[in-house]
Amino acid sequence: ESFAEEKNHYEESPSFEDYLKDRHTRKVNELQNHLDENKVWFEQIITQESIDFVKENQEILSGVIKGDKLYVTKIPYDIRNFLETKDNTLKKYYACHCAFVRENIKGKDTDIPKEWCNCSAGFAKFPFEIILDQSLDVKLLNTPLDGDNYCRFEIDLSNTEYKKKPM
């Protein structure tokens, strides 16, 4: 039910690619509204630098289709500190949404396998499963557990019906 409006946006779009571009624009505008109104966005303080960062990468808060793959990059959990820190360990810490993994990155006291991030992969694909009304396969591409600064996923659309851009 919480994705009904997004599903309507998709259904009204000429293609999935057009929907994703529109979604990204709407999300950037949402961040701008939170900054302008001095409102917290999902426990995050939004800065102009945060908005610029998201604006530069359509994969963040939306996605990009290449071939029959949808690429999604998670917005850093604490975007302001993520953008401000120069410390590589803290950058990974601020990127991750999982409290368990964040504490592991900071403390390095437990060896967590990257498969742990399949939970986050489920969250990344879920809105698109609702919008497309189909189950989707997702693959973890990047995770702070592997030393990356981002969580990035590839969602397989090859066996999925979706509105393709007219040629």
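1. Contact range. Take contacts in the protein chain between residues at least 6 apart in sequence: 56% of them join residues at least 24 apart. The model is a predicted one. Buried residues account for 41% of the 167 residues in the chain.

2. Overall build. The protein chain holds seven helices and four strands. Read from the N terminus, its elements run α-α-α-β-β-α-α-α-α-β-β. The radius of gyration is 16 Å, close to the 15 Å that the globule rule gives for 167 residues, so the chain is as compact as a globular protein of that length. Along the principal axes, the C-alpha atoms fill a box of roughly 50 × 40 × 30 Å.

3. Serine 15. This residue sits in the loop between helix H1 (4–12) and H2. Is serine 15 buried or exposed? Its relative accessible area is 0%, and buried means under 20%, so serine 15 is buried. Leaving out residues up to four places away in sequence, serine 15 touches Lys163, Lys164 and Lys165.

4. Threonine 47. Here the loop is the one between helix H2 (16–36) and helix H3 (48–55). Threonine 47 has a relative accessible area of 16%; the cut-off for buried is under 20%, so this residue also counts as buried. Which side chain does the side chain of threonine 47 meet in a polar contact? The partner is the side chain of serine 50, at 2.9 Å. Neighbours within four places in sequence aside, threonine 47 is in contact with Leu35 and Arg80.

5. Helix H5. Aspartate 87 caps the N-terminal end of this helix. One of its side-chain oxygens lies 2.9 Å from the backbone nitrogen of threonine 89. H5 covers residues 88–95, and its buried residues are Lys91, Lys92, Tyr93, Tyr94 and Ala95. Against what do the buried residues of H5 pack? They pack against helix H4 (79–84) and helix H6 (99–107). Note that two lysines, Lys91 and Lys92, are on the buried list.

6. Largest pocket. Its volume is about 740 Å³. The lining has 22 residues, and the closest to the pocket centre are Arg23, Trp41, Leu61, Lys74 and Ile75. Elements that give two or more residues to this lining are H2, strand E2 (69–73) and helix H7 (118–132). Which element supplies the largest share? That is H7, with five residues. By class, the lining of the largest pocket comprises twelve nonpolar, five polar and five charged residues.

7. Second largest pocket. This one has a volume of about 150 Å³. Its lining consists of Lys74, Cys96, His97, Cys98, Trp116, Cys117, Cys119, Ser120, Phe123 and Cys151. By class, these residues divide into seven nonpolar, two polar and one charged. Cysteines recur in this list: Cys96, Cys98, Cys117, Cys119 and Cys151. Lys74 lines the second largest pocket and is also among the residues closest to the centre of the largest pocket.

8. Points to check on the model. For the two loop residues, look at serine 15 beside Lys163, Lys164 and Lys165, then at threonine 47 beside Leu35 and Arg80. For H5, look at the aspartate 87 cap and at the packing of the buried residues against H4 and H6. For the pockets, look at Lys74, which appears in the lining of the second largest pocket and close to the centre of the largest pocket.

Technical notes
Residues are numbered from 1 along each chain as its sequence is written. This is a predicted model: local features need pLDDT of at least 70, side-chain atom pairs count only at pLDDT 80 or more; totals for chains, interfaces and linings use all residues. Side-chain values use heavy atoms; hydrogens and water are left out. Buried means under 20% relative accessible area, exposed over 50%, partly exposed in between (1.4 Å probe, protein chains only). A polar contact is a pair of N or O atoms within 3.5 Å; within protein, one must be able to donate a hydrogen and the other to accept it, and residues adjacent in sequence count only if both atoms are side-chain atoms. Contact means heavy atoms within 4.5 Å. On a 1 Å grid over the protein atoms alone, a cavity is a set of points where a 1.4 Å probe fits but cannot get out, and a pocket is an open set with protein on both sides within 12 Å along at least five of seven lines; lining residues have an atom within 4 Å of a point. Grid points are joined across faces, edges and corners, and a volume is the space filled by probe spheres set on the points. Ala, Val, Leu, Ile, Met, Phe, Trp, Tyr, Cys and Pro count as nonpolar, Asp, Glu, Lys and Arg as charged, and the others, Gly among them, as polar. The radius of gyration is taken over C-alpha atoms; the globule rule is 2.2 Å times the number of residues to the power 0.38.
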